[in-house]
Amino acid sequence: MSVFFVINPVAGRGRAKGVWSKIQKKIDIKYNYCFTSRAGEATYLAQKAWEQGFNTIVSVGGDGTIREIVKSLAGKEVKLGIIPAGTGNDFARTVGIPEDIEKSLDLIKRGNTRKVDVISCNGEILINAAGAGLDAFVADCVNNEVKFLKGSAAYIFAVIKTLLRFKPQEVEIILDGKVLKKRVWLVTVSNGRYYGGGMMICPTAQPDDGYLDVSIVNEVGKLEILRFLPKVFTGRHTTHRSYETIRGKKVTIKSRSPILVHTDGDIIGVTPKTFELWPGAINIIS
Ligand SMILES: Nc1ncnc2c1ncn2[C@@H]1O[C@H](COP(=O)(O)OP(=O)(O)OP(=O)(O)O)[C@@H](O)[C@H]1O
């Protein structure tokens with residue numbers, strides 16, 4: 001077993017550094033490691049570690065770090081380990097990796113894997129979930145306009161601010177060739193069940209079932225959407241009249257005017273976007 005750790009020191013607002021020092025005290029296997037020095041570098045470090053013959057590459061960070069690593073490792077015969085050290089850790093939650101460092105390290109030592117799907121989207125690789133519409137505008141607002149608040153307060157402020165200027169949008173959703181025209185608050189494409197740090201946007205999504213789950217939140221009044229949103233934390237929103245879910249292998253989201261699209265809180269552009277499932281592309285240690 002040859003293990004290479006890729007550590008994102010800024011993940012979890014710096015928590016990953018502390019996680020790594022705890023790991024170093026516990027670790028009793030042969031390993032090497034490297035800290036990322038800038039956004040995007042985890043892709044390069046994972047590729048280099050794979051070329052050097054490491055058979056296990058471990059992400060110490062959050063969803064963004066895993067995604068950057070998977071960009072290099074998808075489709076390769078190599079194991080991906082995860083030590084959750086980010087803010088949201090939604091993908092780790094979906095694949096059942098414990099938050100406890102000792103337990104997640106134990107999993108890596110055991111090395112049992114299962115194949116998990118990934119999503120390709122206009123040349124990008126996504127691992128967990130993406131969304132177009134209200135959620136992307138809220139994420140953008142949190143990232144760029146709400147520096148003075150943290151955690152839930154930042155999100156609540158951003159939701160209210162976004163609702164003042166965003167209205168439901170007309171979209172075309174093309175799922176495996178079938179065209180649906182809708183007026184929506186948001187459309188998400190899920191491989192994993194959670195996003196936004198534990199919001200169970202799509203309880204039916206399974207990252208190894210060979211399907212993308214598309215959640216649609218159809219137009220309802222602003223007060224009603226304010227009632228709807230907190231229910232997403234527990235998954236109770238699925239019985240709300242605005243919510244529907246469909247599944248398939250390939251989905252395109254188009255709109256008359258461009259709508260922001262995010263993956264796990266990071267903006268990745270605007271519509272149109274096409275999401276395609278790449279089944280079993282990665283061997284996750286879990
Ligand atoms: N050395 C670095 N300096 C600045 N940014 C970095 C560095 N290394 C990685 N990044 C960027 O940090 C961002 C955040 O990483 P990551 O998503 O893993 O943590 P998080 O946002 O705290 O967790 P989560 O996505 O689970 O909420 C990523 O977009 C990544 O590109």
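**Asking the model to justify itself**

Modeller: Let's start with Asn89, found in the loop between S4 and H4. Bear in mind that this is a predicted model.

Biologist: Why does Asn89 count as buried?

Modeller: Asn89 has 23 C-beta neighbours inside 10 Å. The label "buried" asks for 20 or more, so Asn89 counts as buried.

Biologist: And what stands out about the phi of Asn89?

Modeller: Its sign. Phi of Asn89 is positive, about 50°, and Asn89 is not a glycine. Most residues other than glycine have a negative phi.

Biologist: Which other residue has a positive phi despite being other than glycine?

Modeller: Asp176, with phi near 45°. Asp176 sits in the loop between S8 and S9.

Biologist: Is Asp176 buried or exposed, and how do you know?

Modeller: Count again: Asp176 has 11 C-beta neighbours inside 10 Å. Exposed means 12 or fewer, so Asp176 counts as exposed.

Biologist: What do S8 and S9 form, with Asp176 in the turn?

Modeller: A hairpin, with two residues between the strands. S8 (residues 169-175) and S9 (residues 178-190) run antiparallel and are joined by seven bridges. Pairing needs at least two bridges, so by that definition S8 and S9 do pair. Within that ladder, Gln169 stands opposite Val184 in S9.

Biologist: Which strand does S8 pair with over five bridges?

Modeller: S12 (residues 250-255), in the antiparallel sense. There, Ile174 has Thr252 of S12 as its bridge partner.

Biologist: Now S1. What makes you say that S1 is largely enclosed by the rest of the structure?

Modeller: Five of the five residues of S1 (residues 3-7) are buried, so S1 is largely enclosed. Look at the two faces: Val3, Phe5 and Ile7 are buried on one side, and Phe4 and Val6 are buried on the other.

Biologist: Which strands pair with S1 in the parallel sense?

Modeller: S3 (residues 56-61) is one, over five bridges, with Ile7 opposite Val60 in S3. S2 (residues 31-35) is another, again over five bridges, and Phe4 stands opposite Asn32 in S2.

Biologist: Which residues have the most contacts inside the largest nonpolar core?

Modeller: Val6, Ile57 and Val60, in a core of 82 residues. Take Ile57: leaving out residues up to four places away in sequence, it touches Phe4, Val6, Ala46, Ala49, Trp50, Ile69, Leu73, Val78 and Leu80.

Biologist: What gives the largest share of this core?

Modeller: Helix H6 (residues 134-145), with seven residues.

Biologist: Why is Gly81 called buried?

Modeller: Gly81 has 26 other C-beta atoms within 10 Å. The cut-off is 20 or more, so Gly81 is buried. Gly81 is found in S4 (residues 79-84). Apart from neighbours within four places in sequence, Gly81 is in contact with Thr56, Val58, Ile108 and Ile285. Its C-alpha atom is 9.1 Å from that of Val3, 78 residues apart along the chain.

Biologist: How is the chain divided into domains?

Modeller: Domain 1 is 3-111 and domain 2 is 126-277. Their C-alpha centres lie 27 Å apart. Domain 1 puts 12 residues into the contact and domain 2 puts in 14.

Biologist: Which helix gives the most to the side of domain 1 that touches domain 2?

Modeller: H3, with five residues. By class, that side of domain 1 has four nonpolar, four polar and four charged residues.

Biologist: What supplies the largest share of the shell around the ligand?

Modeller: H3, with four residues. The shell has 22 residues, and Ala39, Gly62, Gly64, Gly86 and Gly88 come nearest. By class, the shell splits into four nonpolar, 13 polar and five charged. Gly counts as polar here, so the four glycines just named fall in the polar group.

Biologist: One last item. How do you know that the peptide bond from Thr271 to Pro272 is cis?

Modeller: From omega, which is near 5°. Most peptide bonds are trans. Pro272 has its place in the loop between S14 (266-270) and S15 (273-285).

Conventions: Residues numbered from 1 in each chain as written. Predicted model: local features only at pLDDT ≥ 70, side-chain atom pairs only at ≥ 80, totals over all residues. Domains from an automatic or database assignment. Contact = placed C-beta atoms within 7 Å. Core = buried A, V, L, I, M, F, W, Y, C linked by C-beta atoms within 7 Å. Near = placed C-beta within 6 Å.
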